[in-house]
Amino acid sequence: MEKSSKRTGFRMILYTLTLFMVVCCNLFPGSGVCTEAQINSEEGHLISEDRLQIILSNVENNLGRINTLKTKLIQEKNIALFSEPVLSQGILLFKSPGNIRFEFFTPFQSVLLVDDHKVATFEMFNGRWKQIDSGSKKMMGIILDHIAAWVKGQFNRDNLYRISGRYRQNSKRGCTIILEPRAKEFKNFIQAFELGINSDMDRLDYIIIRESGNDYTKISFFDDRINIPLDDIYFAGDIKLLSPVPQW
Amino acid sequence: MVKQIKNESRLVYWIIIFTLVIASCSGRKQLRHHHGIQVPEMVQELQNRLSDLYPDHFNVLHRVRLNTRGKTIVLKGYLKVDRPAGDVDLIAQGEMGGSLFEISIREGKRDLIKVSEPFKSQWIEQSAVQDLIHLYLVPDFHNPVAFKEAHGLNLLDIDEKGSRIYIFRNAENAGLKLSGFCIEQNNRKVYKIEYAYTPDSDLPSFIKLENRNLDYTLEINVRYMVSPKKHNKR
């Protein structure tokens, strides 16, 4: 029973953090898609501990200025089974203090909404939106808590990760913050999160989620709009009110 | 003594006759259940359509809504299919990633299963493995019979597990398409698959699967990663 609840706990954390990373990375959009070769070529010199703290502090300050955001994204899932990555396209909308819409258009349509501490997820099945049970209220609470922290640029509030950083090979392109889970059980699922931060330290260009083996997912952000008016209707977690977001 | 032997022989004779009659009647009963006119000349054509339903080699993405015993679980499936070899590989992940179970089928038989909670190996073997075989591998036939119906054709095959029925329907401007599959046991539908297509594709884009014995349904959004060079059957 205890073992089971421990596993459930880790799964909740994993779920939370993955969701959290996915959502928060959208708060800092930037470049387009990169190939694996480009990812590897971006690894440069290790950032010193002192410098890393300055970068994290700057990022936190800069993120605090974002009231609304909408950005396009491309997710590239690299799975050992396939020789080619699976590409997904979508958008992310954020409105302070905690409204989020995370939506994919291809290859499958799905929407995750956070509205006034309520999380709702929807999937399109055979031409109809269907609401998906995203888990218990406790899990939702954890998700919201983490989202709130990430929105504020607090990447490691609960000390869940060992943080390091590397400059990208061309330092003008910014740096990569690497978060490695401290807990062994967590690391069995996720080896590391890598956040590509631009040179102005006010955008997240991409996020890489390194899973077990060589599998990884890269989400790249581009064509963003910051601090523009966003209607609350886009965050309404009601299947009947699910409003399409106009393209830009 | 001779008379007694004769009587016993007659008894055995009538028992055999009776058994044969019963056996033939039960077979006819199953066939009679599927109304329609037999069209023997279409058997090979329908078998060909089943083997040509998919390319020989392709990758598939699944977005699955699994409903079982009042619970709904959303899964992502990544599949690699080699039909001529009878091979299927599946990695099933949760909504936010992380492997839940992995299956390798080789030459039409389960080769490997890795399962994480809340799933159990036995359940995966009875459900997902069989589903993959029914969905993506070329079926074996014992003695198939084709029937013509008002809206299309059915291909029926009976074996020890029951009756397997492949349902073909006339699609607008697209000829016959596989629209369903079911397994009947004791005149009861225990397993059912329905296929839906988008107008621009010959490959199913949505699949609904129901297993009444194991009490689950799957709603599957399907997207294919097919190399145009390899998809040359059609």
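Start in chain B by selecting Ile183(B) and Tyr191(B): in strand E11(B), Tyr191(B) is the bridge partner of Ile183(B). Strands here are DSSP runs of at least two residues (E), helices are runs of at least four (H or I), and both are numbered from the N terminus. Widen the selection to E10 (residues 175-185) and E11 (residues 188-197) of chain B, which run antiparallel and are joined by six bridges. Two strands count as paired if DSSP finds at least two bridges between them. Now click on Asn186(B): the hairpin of E10(B) and E11(B) has two residues between the strands, and Asn186(B) takes a positive phi near 50° there.

A word on what you have open. This is a predicted model, where local features need pLDDT of at least 70 and side-chain atom pairs count only at pLDDT 80 or more, while totals for chains, interfaces and linings use all residues. Residues are numbered from 1 along each chain as its sequence is written, and chains are lettered from A and ligands numbered from 1 in the order in which they are written.

Carry on along chain B to E12(B), which pairs with E11(B) in the antiparallel sense over seven bridges. Six residues make up the hairpin linking E11(B) to E12(B). For a bridge to highlight, pick Glu194(B) and its partner in E12(B), Lys208(B).

Next, select E5 (residues 97-106) and E6 (residues 109-115) of chain B, an antiparallel pair with six bridges. Ile105(B) has Arg110(B) as its bridge partner in E6(B). In this hairpin, with two residues between the strands, look for Glu107(B), which takes a positive phi near 50°.

Time to color chain B by pLDDT, the predictor's confidence in each residue, from 0 to 100. The chain has a mean of 86, with 82% of its residues at 70 or more. Among its elements, strand E12 (residues 204-211) has the highest mean, 97, and helix H1 (residues 2-33) the lowest, 58. Residues 23-30 of chain B fall below 50, and this stretch has two contacts in the model beyond near neighbours in sequence. A contact means that two C-beta atoms, placed from the backbone, lie within 7 Å. Residues 228-234 of chain B also stay under 50, with nine contacts beyond four places in sequence. For the model, ipTM is 0.74 and pTM 0.79.

Now show both chains and select where they touch: 21 residues from chain A and 20 residues from chain B. On the chain A side, H1(A) gives the most, with five residues.

Switch to chain A and pick Ile55(A), in helix H3 (residues 49-63). Is Ile55(A) buried or exposed? Ile55(A) is partly exposed, because 18 other C-beta atoms lie within 10 Å; buried takes 20 or more, exposed 12 or fewer, and partly exposed is in between, with C-beta atoms placed from the backbone. Leaving out residues up to four places away in sequence, Ile55(A) touches Ile47(A), Gly165(A), Cys175(A) and Met201(A). Draw a distance from Ile55(A) to Ile197(A): the C-alpha atoms are 9.5 Å apart, across 142 residues along the chain.

Ile197(A) leads to the last stop, the largest nonpolar core, with 42 residues; Ile177(A), Ile197(A) and Ile207(A) touch the most other members. Such a core is a set of buried Ala, Val, Leu, Ile, Met, Phe, Trp, Tyr and Cys residues joined through C-beta atoms within 7 Å.
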